[in-house]
Amino acid sequence: MADATYPDDLLYHAEHDWARIDGDVATFGITWYAQDSLGEIVFFDPPEVGSTVTKDEPYAEVESVKAVSDVYAPLSGEIVEVNTALGDKPEAINDDPYGEGWLVKVRLSDPSETDQLMDAAAYTASLP
């Protein structure tokens, strides 16, 4: 399992998701807190490339030994890439949630939505 970290270069959503912005594309994943709360992740059910996601709405599911949980979109846009490696290695979400454990890449439809996300300090302050 990864150490509890919350990188400063990411933006965070209240549902424990993160976004790494690179121009008009954002990479999404779940935070250390989310993967730690879920326990060992055994399956990732990704959306289809080309489908659209809406900020604050579920777009995928992760299944752990404890439960099946929705993954919420921190921003809106079109899925342009899915981390297909997670099909064979879903534990990467636990082992490296900000690196190999990324979930999808999204071309943003409304980049101004990033203003509604938290920085690392605000996110960590929001944790129980």
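## A walk through the sheet and its cores

Let's start with Ile79, which sits in strand E8, a stretch covering residues 77–82. Keep in mind that this is a predicted model. Ile79 counts as buried because its relative accessibility is 0%, and the cut-off for buried is under 20%. Which residues does Ile79 touch, leaving out those up to four places away in sequence? They are Pro47, Glu48, Val49, Gly50, Ser51, Val53, Val104, Lys105 and Val106. Thr5, by contrast, is 26 Å from Ile79 in space, C-alpha to C-alpha, and 74 residues from Ile79 in sequence.

Now for the sheet. Six strands make an open sheet, running in the order E1-E2-E3-E9-E8-E5 with antiparallel pairing. Strands E1 (11–13) and E5 (52–53) are at the edges with a single partner strand each, so one side of each has no neighbour in the sheet. In general, strands of a sheet pair through backbone hydrogen bonds. Here, E8 pairs with strand E9 (residues 104–108) over five bridges, in the antiparallel sense. Val82 stands opposite Val104 in E9.

What about the nonpolar residues inside? Nonpolar side chains tend to be buried together in soluble globular proteins. The largest nonpolar core has 25 residues, and those touching the most other members are Phe28, Ile30, Phe44, Tyr59, Ile93, Leu103 and Val104. Elements giving two or more residues to this core include E3, H1, E4, E8 and E9. There's also a second, separate core of eleven residues, with Tyr12, Trp18, Met118 and Ala120 among them.

Back in the largest core, Phe44 is in contact with Ala60, Glu61, Val62, Val82, Leu86, Pro90, Ile93 and Leu103, leaving aside neighbours within four places in sequence.

Is Thr31 buried or exposed? Thr31 counts as buried, because its relative accessibility is 0%. You'll find Thr31 in the loop between strand E3 (25–30) and helix H1 (32–38). Apart from residues up to four places away in sequence, Thr31 touches Tyr6, Tyr12, His16, Asp17, Trp18, Tyr98 and Tyr123.

Val42 is another story: this residue of strand E4 (residues 41–45) is partly exposed, with a relative accessible area of 37%. Val42 joins Phe43 and Val65 in a nonpolar patch on the surface, and together the three have about 260 Å² of accessible area.

Here are the three accessibility values side by side:

| Residue | Relative accessible area | Status |
|---|---|---|
| Ile79 | 0% | buried |
| Thr31 | 0% | buried |
| Val42 | 37% | partly exposed |

Notes:
Residues are numbered from 1 along each chain as its sequence is written. This is a predicted model: local features need pLDDT of at least 70, side-chain atom pairs count only at pLDDT 80 or more; totals for chains, interfaces and linings use all residues. Side-chain values use heavy atoms; hydrogens and water are left out. Helices (H or I, at least four residues) and strands (E, at least two) are DSSP runs, numbered from the N terminus. Buried means under 20% relative accessible area, exposed over 50%, partly exposed in between (1.4 Å probe, protein chains only). Contact means heavy atoms within 4.5 Å. Patches are made of residues with over 30% relative accessible area and no salt bridge: like charges are joined within 9 Å, nonpolar side chains (Val, Leu, Ile, Met, Phe, Trp, Tyr) within 5 Å. Accessible areas come from the Shrake-Rupley method with a 1.4 Å probe; for residues, only the protein chains shown count as cover. A salt bridge is a side-chain nitrogen of Lys or Arg within 4 Å of a carboxyl oxygen of Asp or Glu. Two strands pair if DSSP finds at least two bridges between them. A nonpolar core is a set of buried Ala, Val, Leu, Ile, Met, Phe, Trp, Tyr and Cys residues joined through side-chain atoms within 4.5 Å.
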